[in-house]
Amino acid sequence: MKPEQKLYQKLKKNTPNILWSRLETWVTLGMPDLLGYHNSCGFFMVELKIQTGHTIRFSPHQKLFSTLRPNRNFILVEHARHAPRGAVKLYGSKSIEGLVLDPREVKPLAVNDWQLIENILINKKNN
């Protein structure tokens with residue numbers, strides 16, 4: 001199983017209140033990997049990325065898609081080797097330019113906290 005597929009399986013397992021659909025599209029370049037749905041917020045999208053070095057690679061189409069559609073659009077990054085290994089971070093798609101330049105300088109919305117990640121994705125306010 002590829003690393004992004006493993007990350008998808010972790011996300012599905014740890015966000016049981018969200019209905020997930022994997023988007024396998026070659027028609028619309030830059031389309032995020034996942035379409036999520038929850039009754040309280042409707043649809044949202046998540047791009048999955050595996051970070052193996054100090055940078056995260058995005059295609060020009062992914063950058064454009066995220067820039068033009070910043071609302072209810074997220075990036076979930078798993079660190080394969082660094083900071084610490086297996087760390088999972090959630091970012092808003094508005095952070096894509098910073099993630100391209102230096103991910104260490106971008107503040108994530110959540111780190112290694114699946115409950116918080118789920119709450120952010122479904123737009124649930126934390127008490």
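Visitor: Which residue in strand 5 is the bridge partner of L76?

Guide: In strand 5, the partner of L76 is L90. The model in view is a predicted one. L90 also has a partner in strand 6, namely A110.

Visitor: What makes strand 4 and strand 5 a pair?

Guide: Strands count as paired when at least two bridges are found between them. Strand 4 and strand 5 (residues 88–92) are joined by five bridges, in the antiparallel sense, so the requirement of at least two is met. E78 standing opposite V88 in strand 5 is a further example of residues facing each other.

Visitor: What makes strand 5 and strand 6 a pair?

Guide: Two bridges join them, and the strands run antiparallel. The cut-off is at least two bridges, so this number satisfies it. K89 stands opposite V111 in strand 6.

Visitor: How do strand 3 and strand 4 run, and how many bridges join them?

Guide: Strand 3 (residues 42–51) and strand 4 run parallel, with seven bridges between them. M45 has N73 of strand 4 as its bridge partner. Strand 3 and strand 4, together with helix 2 (residues 60–68), make a β-α-β unit that is right-handed.

Visitor: Why is this unit called right-handed?

Guide: The term applies because, when the strands point away from the viewer, the path from the first strand over the helix to the second runs clockwise. The unit of strand 3, helix 2 and strand 4 is right-handed in this sense.

Visitor: In what order do the strands of the sheet stand, and which of them are at the edges?

Guide: The six strands form an open sheet in the order 1-2-3-4-5-6, with mixed pairing. Strand 1 (19–22) and strand 6 (110–111) are at the edges, because each has a single partner strand and therefore one side without a neighbour in the sheet.

Visitor: Why is strand 5 described as largely enclosed?

Guide: A residue is called buried when its relative accessible area is under 20%. Five of the five residues of strand 5 are buried, so the rest of the structure largely encloses this strand. V88, L90 and G92 point one way, K89 and Y91 point the other way, and all are buried.

Visitor: What makes strand 4 mostly covered?

Guide: Seven of the seven residues of strand 4 (residues 73–79) are buried. Both of its faces are covered: one carries N73, I75, V77 and H79, and the other carries F74, L76 and E78.

Visitor: Why does S93 count as buried?

Guide: Its relative accessibility is 1%, and the limit for a buried residue is under 20%, so S93 qualifies. S93 is found in the loop between strand 5 and helix 3 (96–101). Apart from neighbours within four places in sequence, S93 is in contact with S66, R69, P70, N73, F74 and I75.

Visitor: Is E118 buried or exposed?

Guide: E118 has a relative accessible area of 3% and is buried, since the limit is under 20%. E118 has its place in helix 4 (residues 114–121). Beyond neighbours within four places in sequence, its contacts are T15, P16, N17 and I18.

Visitor: What makes the meeting of the side chains of E118 and N17 a polar contact?

Guide: The two side chains are joined at 3.0 Å. A polar contact requires N or O atoms within 3.5 Å, one able to donate a hydrogen and the other to accept it, so this distance falls inside the limit.

Visitor: Which strands does helix 4 lie across?

Guide: Helix 4 lies across strand 1, strand 3, strand 4, strand 5 and strand 6, and runs at about 20 degrees to strand 5.

Visitor: In what sequence do the elements of the whole protein follow one another, and why is the protein called as compact as a globular protein of its length?

Guide: From the N terminus the elements run α-β-β-β-α-β-β-α-β-α. The radius of gyration is 14 Å, close to the 14 Å that the globule rule gives for 127 residues, so the protein is as compact as a globular protein of that length. The C-alpha trace spans about 35 × 35 × 30 Å along its principal axes. Buried residues make up 42% of the 127 residues.

Key:
Residues are numbered from 1 along each chain as its sequence is written. This is a predicted model: local features need pLDDT of at least 70, side-chain atom pairs count only at pLDDT 80 or more; totals for chains, interfaces and linings use all residues. Side-chain values use heavy atoms; hydrogens and water are left out. Buried means under 20% relative accessible area, exposed over 50%, partly exposed in between (1.4 Å probe, protein chains only). Helices (H or I, at least four residues) and strands (E, at least two) are DSSP runs, numbered from the N terminus. Contact means heavy atoms within 4.5 Å. Axes are lines fitted to C-alpha atoms, for helices over the stretch in contact, and angles run from 0 to 180 degrees between N-to-C directions. The radius of gyration is taken over C-alpha atoms; the globule rule is 2.2 Å times the number of residues to the power 0.38.
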